[in-house]
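Trainee: I would like to learn how to read a structure feature by feature. Could we start with what it takes to call two residues a contact?

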Amino acid sequence: MKTKREIWQCVEGCGACCNLDPSDRPDLEDYLTPEELEHYLSLVGEDGWCIHFDHETRKCLIYEQRPRFCRVQPDTFEAMYDIDSSDFNEFAIDCCRQQIEGVYGAKSPEMKHYNRGITQYNSPK
Ligand code: SF4
Ligand code: SF4
């Protein structure tokens, strides 16, 4: 029987977490250092999107130099949210879904695209 599992990944054509509107993230101070919070706020454009987000391609214009708080990876999540690496996958998927729901909607094409992107099927050998 085929089994299904979800493996976190950042899917192309999303960008939901680059919407930085602080009013949607009231707990920023809980996981950012004061310097990071200052940096974070300096990135927020008038429309709430990061000033480095390219809306056309939905990509980060400074990807290699993006700040720590933009990096969805086990060591960052452990440092920022105290998430054990064994819980990273589930936690990161939840974060993406929450962000995608808030920005594009729970039934948006982006959410469907995300769910397809993280789903893997394994066939028995
Ligand atoms: S919300 Fe998740 S899938 Fe979308 S851009 Fe951010 S990390 Fe990638
Ligand atoms: S720096 Fe890049 S990854 Fe971070 S929020 Fe801005 S556009 Fe997104």
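Mentor: Gladly. Two residues are in contact if their C-beta atoms, placed from the backbone, lie within 7 Å. Keep in mind that this is a predicted model. Now try the idea on Arg68: leaving aside residues up to four places away in sequence, Arg68 touches Glu36 and Thr76.

Trainee: Where does Arg68 lie?

Mentor: Arg68 is in the loop between strand S3 (59-60) and helix H3 (74-81). Leu32 makes a useful reference point: Arg68 and Leu32 are 36 residues apart in sequence, and their C-alpha atoms are 9.7 Å apart in space.

Trainee: Does Arg68 count as buried, exposed or partly exposed, and why?

Mentor: The general idea is to count neighbours: 20 or more other C-beta atoms within 10 Å make a residue buried, 12 or fewer make it exposed, and anything in between is partly exposed. Arg68 counts as partly exposed because it has 14 C-beta neighbours inside 10 Å. For the protein chain, 14% of the 125 residues count as buried.

Trainee: What is the overall layout of the protein chain?

Mentor: Reading from the N terminus, the elements run β-α-α-β-β-α-α-α-β, with five helices and four strands. The C-alpha trace spans about 50 × 35 × 25 Å along its principal axes. Contacts add another view: among those between residues at least 6 apart in sequence, 59% join residues at least 24 apart.

Trainee: Let us turn to helix packing. At what angle do the axes of H4 and H5 cross?

Mentor: The axes of H4 and helix H5 (residues 109-118) cross at roughly 160° and come within 9 Å. Angles over 145 degrees count as roughly antiparallel, and therefore H4 and H5 are roughly antiparallel to each other. Their crossing is right-handed.

Trainee: Which residues in H4 and H5 meet?

Mentor: From H4 come Ile93, Cys96, Ile100, Glu101 and Tyr104, and from H5 come Glu110, Met111, Tyr114 and Ile118. The residues of this contact divide into seven nonpolar, no polar and two charged.

Trainee: Which residues are around ligand 1?

Mentor: The shell around ligand 1 holds Cys10, Val11, Cys14, Gly15, Ala16, Cys17, Val72, Cys96, Gln99, Ile100 and Tyr114. Helix H4 (residues 88-104) gives the largest share of that shell, three residues. By character, the shell has nine nonpolar residues, two polar and no charged. Notice that Cys96, Ile100 and Tyr114 belong to this shell and also to the contact of H4 with H5.

Trainee: And which residues are around ligand 2?

Mentor: Around ligand 2 you find Cys18, Leu20, Leu43, Cys50, His52, Phe53, Cys60, Ile62, Arg66 and Cys70. This shell divides into eight nonpolar residues, one polar and one charged.

Trainee: One last topic, the backbone. What sign of phi do most residues other than glycine have?

Mentor: Most residues other than glycine have a negative phi. Against that background, look at Arg58, whose phi is positive, about 55°, although it is not a glycine. Arg58 lies in the loop between strand S2 (53-54) and S3. With 14 C-beta neighbours inside 10 Å, Arg58 counts as partly exposed.

Trainee: What is the phi of Asp82, and where does Asp82 lie?

Mentor: Asp82 has a positive phi near 60° and is a residue other than glycine. You will find Asp82 in the loop between H3 and H4. Asp82 counts as exposed, because it has 9 C-beta neighbours inside 10 Å.

Terms used: Residues numbered from 1 in each chain as written. Chains lettered and ligands numbered in written order. Predicted model: local features only at pLDDT ≥ 70, side-chain atom pairs only at ≥ 80, totals over all residues. Near = placed C-beta within 6 Å. Helix = DSSP H or I, 4+ residues; strand = E, 2+ residues; numbered from the N terminus. Nonpolar A, V, L, I, M, F, W, Y, C, P; charged D, E, K, R; others polar. Axes fitted to C-alpha atoms, helices over the stretch in contact; angles between N-to-C directions. Parallel < 35°, antiparallel > 145°, perpendicular 65-115°, else oblique. Left-handed = near helix turned anticlockwise from the far one by under 90°.
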